[in-house]
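I opened this entry to look up how the two chains meet. My notes follow the structure.

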Protein chains: 2
Amino acid sequence: MSAALSAIERFSRYQSDDAQSVKPVHCPVRDVLDRIGDKWSILLLMTLAMRPQRFSELHRAVRDISKRMLTQTLRDLERDGLITRHVFPTKPPSVEYCLSPLGQSLLEPMASLIDWADRRYSDIHAARVRFDGAPSDVQRS
Amino acid sequence: MSAALSAIERFSRYQSDDAQSVKPVHCPVRDVLDRIGDKWSILLLMTLAMRPQRFSELHRAVRDISKRMLTQTLRDLERDGLITRHVFPTKPPSVEYCLSPLGQSLLEPMASLIDWADRRYSDIHAARVRFDGAPSDVQRS
DNA sequence: GAGGGCAGGTCTCACATAGAGACCTGCGAC
DNA sequence: GTCGCAGGTCTCTATGTGAGACCTGCCCTC
């Protein structure tokens, strides 16, 4: 726990450095979070964690992503070295995406987040119902 | 590792259930990820992890968030029970936000992600440079 | 040998979301 | 009375996203 929290302290140093300087300080953590924290990246990484998959397989697995965003997200992940892209010279060429070692290394921290999400979902859902049910200052005692 | 990866397997089951059914299957993991995976939530949670803070402190800590998004993100986090909001009846009323126990429980998985981001940033940065430097099939050998 | 189909995209347009920054509210100090 | 402050809300514009038509090679069928 304290080991993990030291990461937060390290991050906080970037924050306070930034707050104190005139020019914004570049924070690697934010950079990375902006990347994998978008709408589709984690979802695609999780999907590829099961096995390498082709473009259209991914599209079927994550049905509500548009081709446009699928292409774009995959390209960004490839750019960041998290996945690799292989083109096979079949009749209509097929393209397979799979996790790189760097992408693999992200699985463990990501899985702990998924695990949290799955275990705490009922709490979150309950909190939402409670919040929406008490629109102003209605307090149950 | 295998314990963590079992979370991924569990998640994959939602995915394949969804792929097979006609009606989309509601996936709690996606629900939660959509929430904390937005541009500002993790950043604010990390900032609040250090200590409870007031609206304007948060605004100073995360300088490039707009008031609009700060308000909205805080409200969403409160709705999900991750943070609590206390109004103090000072002369101009001040408002303090702090992590709820549920929010605290998110710190550990989040910290491991932060830690990953911090340690792997140089790899990611290198991959980006490589990708941008090789626009087509130029390969350094 | 013309037409159709498939994989993996790109392009265009319409709409939703985010950011900038002006404004609001209540109150105490000057 | 009017200034300033905390914590917002509102409006306008810029940016991002989704839907879905279209494109490109190539093979297969007719």
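I looked first at charge pairs and found 14 salt bridges between chain A and chain B, a salt bridge being a side-chain nitrogen of Lys or Arg within 4 Å of a carboxyl oxygen of Asp or Glu. One of them joins the side chains of A:Arg63 and B:Asp18, at 3.4 Å from N to O.

I note that this is a predicted model, where local features need pLDDT of at least 70 and side-chain atom pairs count only at pLDDT 80 or more, while totals for chains, interfaces and linings use all residues. Residues are numbered from 1 along each chain as its sequence is written, chains are lettered from A in the order in which they are written, and side-chain values use heavy atoms, with hydrogens and water left out.

Next I looked up contacts (heavy atoms within 4.5 Å): 70 residues of chain A touch 70 residues of chain B. I then took the buried area, which is the accessible area (1.4 Å probe) that two parts lose on being put together, summed over both. Chains A and B bury about 6,300 Å² between them, with 64% of it on carbon and sulfur atoms. A:Arg63, A:Arg79 and A:Trp116 supply 11% of what chain A buries against chain B, more than any other three residues.

Last, I checked how the copies are related, superposing by least squares on the C-alpha atoms of residues with pLDDT of at least 70 in both. A rotation of 180° with 0.0 Å of shift along its axis puts chain A on chain B, at an RMSD of 0.1 Å. The two copies are thus related as by a two-fold rotation axis.
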